[in-house]
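Hi everyone, thanks for coming. I'd like to walk you through a structure that's probably new to you, so let's get it up on the screen.

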Protein chains: 2
Amino acid sequence: MEYEQLKLDNQLCFRLYTAARLTMGAYHPYLDPLGITYPQYLVLLVLWEQDKQPVNDIAHKLVLETNTVTPLLQRMEKAGLVKRTKGKEDTRQRIVSLTKKGIEMREQAKHIPECLSADIIKNEGSVEEISQMIPTLDKLIEGLKQTNN
Amino acid sequence: MEYEQLKLDNQLCFRLYTAARLTMGAYHPYLDPLGITYPQYLVLLVLWEQDKQPVNDIAHKLVLETNTVTPLLQRMEKAGLVKRTKGKEDTRQRIVSLTKKGIEMREQAKHIPECLSADIIKNEGSVEEISQMIPTLDKLIEGLKQTNN
DNA sequence: CAAATTTATATCGTTCACGATGCAAAAGTA
DNA sequence: TACTTTTGCATCGTGAACGATATAAATTTG
């Protein structure tokens, strides 16, 4: 079969792409009540670990371009979740910090990871098997960071 | 640590999301010369397997909503890759078929899967390890299809 | 120190992704 | 057959992603 490789079933990327979209979809029931999207949730995760970071650091941790993160942060500022202030030493930088609302949302989001785990277990079964993918995904991601340069 | 679970490193979804984006990025060098995007490439994969399918079938195979696929197909029609004709038995349907250009692109795309494998091997190492994720991803995807209903 | 380069962020245009809604055709029902 | 419901697709609005480009500040270089 000359075109065997072009069959959809043989495509790893298609599976990653689909799994990522569906997983994001599984966050919807928990993020909608908070009024945030999944990428916004990721930004909050970063800021909850360490508040007051420049745009670049956030983008780097999320493996996103700043031209994706900037509008994301602007929407989050509009929603009252973060503040963006000019950097003191380097005035080119925009330091992103959590507002009271952003800080308080951490408490409301506390149980989201376990809720998601429960949802996945319910319909899929094995958390162990899924967890085994993590080191492989990390290697793949590190390799692809090189490829995409 | 009360908020341990909220650390980014513990998030499976973030890895899927990042791996999917970076893998799509790895297709760029091969899809750009053909003038198509990754989702458009997926549509072509589906049509190369079987030509002349209604919008619904394509959307279902790609696990996408029709309101994502319809504009995608409209752009592909504009680019001269597919034709969209009214269904004969069911006139609500739009049957999507490949144009000459769409058919011929299969030949040009023939080596993309092996090129991508090569790229991944180069910077990551083990195709075996990555291939092992496939059955797990399939189970995850099937489970999430249930969850997201 | 002045000029060239790099860096941090922002803006713009295009393409997804998807919830909500609309609409006409088909199918089911009274 | 008339009415209701379902189905297949399209449209609209919003929020990502990201390449290309812009701009100002910092850094490097001559």
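I'll take the two protein copies, then the core, then the DNA, and finish with a backbone oddity.

Quick housekeeping. This is a predicted model, where local features need pLDDT of at least 70 and side-chain atom pairs count only at pLDDT 80 or more, while totals for chains, interfaces and linings use all residues. Residues are numbered from 1 along each chain as its sequence is written, chains are lettered from A and ligands numbered from 1 in the order in which they are written, and side-chain values use heavy atoms, leaving out hydrogens and water.

So, chains A and B. Turn by 180 degrees, shift by 0.0 Å along the axis, and chain B lands on chain A with an RMSD of 0.0 Å; the superposition is least squares on C-alpha atoms of residues with pLDDT of at least 70 in both copies. The two copies are thus related as by a two-fold rotation axis. They also use the same surface: 100% of chain B's contact residues recur in chain A, contact meaning heavy atoms within 4.5 Å.

Now the core. The largest nonpolar core has 95 residues, and A:L16, A:Y38, A:Y41, B:L16, B:Y38 and B:Y41 touch the most other members. By core I mean buried Ala, Val, Leu, Ile, Met, Phe, Trp, Tyr and Cys joined through side-chain atoms within 4.5 Å; buried is under 20% relative accessible area, exposed over 50%, partly exposed in between, with a 1.4 Å probe and protein chains only. Take B:Y38: leaving aside residues up to four places away in sequence, B:Y38 touches A:C13, A:F14, A:Y17, B:M24, B:Y27 and B:L31.

What comes nearest to DNA strand D? Of the 25 residues around strand D, that's A:Q40, A:R75, B:Y17, B:R84 and B:R92, with "near" meaning a heavy atom within 4 Å. Sugar and phosphate make up 75% of the strand D atoms that come within 4 Å of the protein. For example, a side-chain N or O of B:R21 is 3.1 Å from a phosphate oxygen of strand D, and a backbone N or O of B:R94 lies 2.9 Å from a phosphate oxygen.

Last, the oddity. Most residues other than glycine have a negative phi. A:K52, though, has a positive phi near 60 degrees, and B:K52 is also positive, at about 60 degrees. Both are exposed, A:K52 at 54% and B:K52 at 55% relative accessibility.

Note on methods. A polar contact is a pair of N or O atoms within 3.5 Å; within protein, one must be able to donate a hydrogen and the other to accept it, and residues adjacent in sequence count only if both atoms are side-chain atoms.
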